[in-house]
Amino acid sequence: MSRDERDDPRGEDSPGDGACRTSPALTGRAAILAVVMCAIALSLAYPVREYIAQRKEISDLQREQAAARKKVDELAQRKRQLGDKSYIEREATRRLHYCRPDVTCYIVLDGGGEDGRKARSDGPASRPPWYETLWRSVETADRPR
């Protein structure tokens, strides 16, 4: 070996030799590394997809659980209301026109006078309250044929 070859740290031929050595674009080690990386990526694709799907399912279930809890709270509040005697009396008075014996109750039919009567006659016929319909059906069933 000549002194120039020993001093060249790259071990390349000197330009004076006329031969130029090039390294191949893809070595065997690089090809094996690429195949291994592809295998790892493919083997991780399915578990990652399942992980994402499970996270979405968990968030959906948490949302459903929150809605169910809200509904349970509303039903518990309704149960407390229905257990309160004063609430039951207010609802009976409001919905059924219930009047306790010691209280004087009034029902205002129409405060409009003549104008109210004309508006009613021009508009569609109103249905009587449910209890009047029920009472009429009882009276009709009670009549002899």
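Begin by selecting His 97, which sits in the loop between helix 3 (85-96) and helix 4 (114-122). The model on display is a predicted one. At His 97 the backbone deserves inspection: phi is positive, at about 55 degrees, although the residue is not a glycine. The relative accessible area of His 97 is 44%. His 97 is therefore classed as partly exposed, since that class lies between buried, under 20%, and exposed, over 50%.

Next, select Cys 99 and Cys 105. These two residues form a disulfide, with 2.1 Å between their sulfur atoms. The structure holds one disulfide, so a cysteine pair found here need not be sought elsewhere under the cut-off of 2.5 Å between sulfur atoms. Turn the view to look along the S-S bond: the angle about that bond is 90 degrees, and the link of Cys 99 and Cys 105 is right-handed. How accessible are the two partners, Cys 99 and Cys 105? Cys 99 has a relative accessible area of 32% and is partly exposed. Cys 105 is likewise partly exposed, at 39% relative accessibility.

Now move to the aromatic residues. How many aromatic pairs does a search of the whole structure find? The search returns one. Select Trp 130 and Tyr 131 to display this pair, whose ring centres lie 5.9 Å apart and whose planes make an angle of 80 degrees. The arrangement is edge-to-face, because plane angles over 60 degrees are assigned to that class. Colouring by accessibility separates the two members: Trp 130 is exposed, with a relative accessible area of 53%, whereas Tyr 131 counts as partly exposed, at 30%.

Two annotated spans remain. First select residues 30-48, which an unreviewed UniProt entry annotates as "transmembrane region". In the model this span is 100% helix and 0% strand. Place a distance label between the C-alpha atoms at its ends, residues 30 and 48: the separation is 26 Å.

Then select residues 51-85, where the unreviewed UniProt entry places the feature "coiled-coil region". What is the helix content of residues 51-85, and how far apart are the end C-alpha atoms? The span is 97% helix and 0% strand, and its end C-alpha atoms lie 53 Å apart.

To close the tour, return to the loop between helix 3 (85-96) and helix 4 (114-122), where His 97 is located, and display His 97 with its positive phi once more.

Conventions:
Residues are numbered from 1 along each chain as its sequence is written. This is a predicted model: local features need pLDDT of at least 70, side-chain atom pairs count only at pLDDT 80 or more; totals for chains, interfaces and linings use all residues. Side-chain values use heavy atoms; hydrogens and water are left out. Buried means under 20% relative accessible area, exposed over 50%, partly exposed in between (1.4 Å probe, protein chains only). UniProt positions are given in the numbering used here, feature names are shortened, and annotations may be inferred rather than shown by experiment. Helices (H or I, at least four residues) and strands (E, at least two) are DSSP runs, numbered from the N terminus. Rings of Phe, Tyr and Trp (its six-membered ring) pair if their centres lie within 6.5 Å; planes under 30 degrees apart count as stacked, over 60 as edge-to-face and the rest as tilted.
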